[in-house]
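Please open the model in your viewer and keep the selection tool at hand, since each stop below begins with something to pick out and then describes what is found there.

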Amino acid sequence: MIPKQFKCAGNVIDVNIEDESTELFGEFACASDSIHLYKNIRYPEKDKTVSVHDRKIVNTFYHELIHVWQHYAGLEYDEQQAQVFGNFLQEFIEKLEITEKARKQAKKDLDILETKQLFVEMELESQQQKATEAAQSAE
């Protein structure tokens with residue numbers, strides 16, 4: 001999930017998803033404290049526009065986030081580092097999201113099983129009560 005805004009070192013960073021760029025998937029503009037991500041990339045020399053897949057937009061966000069951290073840590077911008085760390089971050093967060101979805105589904109399944117078990121126990125009690133009443137009536 002890409003936030004619309006977040007804080008880094010006390011600074012508010014805006015995240016904008018825009019329609020089109022020329023040859024850029026995204027960029028961090030330190031002067032305006034904003035990240036710009038693009039849904040379509042236009043290649044004028046080829047007279048072609050390409051849609052960017054959602055997963056690539058997310059990956060680009062993480063790449064630009066690394067640039068934000070580099071900027072506020074006073075480090076040099078390093079494209080290779082931003083891409084590698086952005087990839088690692090995306091993999092890590094996706095794994096957390098998958099784990100959280102699995103945990104929620106397991107809890108839901110357990111709740112269903114517990115509810116079914118409760119109904120079975122209630123039905124068993126009801127049958128035992130009927131059997132006891134029938135035995136008392138027969139006496």
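## Two helices that cross

In this predicted model, begin by selecting helix H1, residues 54-72, together with helix H2, residues 79-138, whose axes come within 8 Å of one another and cross at roughly 120°. Because an angle of that kind falls neither among the roughly perpendicular nor among the roughly antiparallel ones, H1 counts as oblique to H2. The crossing of H1 and H2 is right-handed.

Next, show the side chains where the helices touch. On H1 the contact is made by Arg-55, Val-58, Asn-59, Tyr-62, His-63, Leu-65, Ile-66, His-67, Trp-69 and Gln-70, while H2 contributes Glu-79, Gln-81, Ala-82, Gln-83, Phe-85, Gly-86, Asn-87, Leu-89, Gln-90, Ile-93 and Glu-94. If you colour these residues by type, they divide into 9 nonpolar, 9 polar and 3 charged.

## Strand E4 and its partners

Now move to strand E4, residues 34-43, and ask how many of its 10 residues are buried. The number is 7, so E4 is largely enclosed by the rest of the structure.

Keep E4 selected and add its partners in turn, starting with strand E2, residues 11-22, which pairs with E4 in the parallel sense over 8 bridges. To find one of the places where a residue can be matched across, select Glu-20, whose bridge partner in E4 is Asn-40.

Then add strand E3, residues 26-29, which runs antiparallel to E4 and is joined to it by 4 bridges. Here Glu-27 stands opposite His-36 of E4. E3 and E4 form a hairpin with 4 residues between them, and Asp-33 in the turn has a positive phi of about 50°.

Finally for this part, add strand E5, residues 48-51, which pairs with E4 in the antiparallel sense over 4 bridges. Select Tyr-43 and you will find that its bridge partner in E5 is Lys-48. The hairpin of E4 and E5 likewise has 4 residues between the strands, and within this hairpin Asp-47 takes a positive phi near 50°.

## A last stop in the loop

Return to the loop between E3 and E4 and select Ala-31, which is found there. Is Ala-31 buried or exposed? Its relative accessibility is 84%, and because exposed means over 50%, Ala-31 counts as exposed.

To close the tour, draw a distance from the C-alpha atom of Ala-31 to that of Asn-16: the two residues lie 15 residues apart along the chain, and their C-alpha atoms are separated by 15 Å.

Note on methods: Residues numbered from 1 in each chain as written. Predicted model: local features only at pLDDT ≥ 70, side-chain atom pairs only at ≥ 80, totals over all residues. Heavy atoms only, no water. Axes fitted to C-alpha atoms, helices over the stretch in contact; angles between N-to-C directions. Helix = DSSP H or I, 4+ residues; strand = E, 2+ residues; numbered from the N terminus. Parallel < 35°, antiparallel > 145°, perpendicular 65-115°, else oblique. Left-handed = near helix turned anticlockwise from the far one by under 90°. Contact = heavy atoms within 4.5 Å. Nonpolar A, V, L, I, M, F, W, Y, C, P; charged D, E, K, R; others polar. Buried < 20%, exposed > 50% of the residue type's maximum accessible area, 1.4 Å probe, protein only. Pairing = 2+ DSSP bridges.
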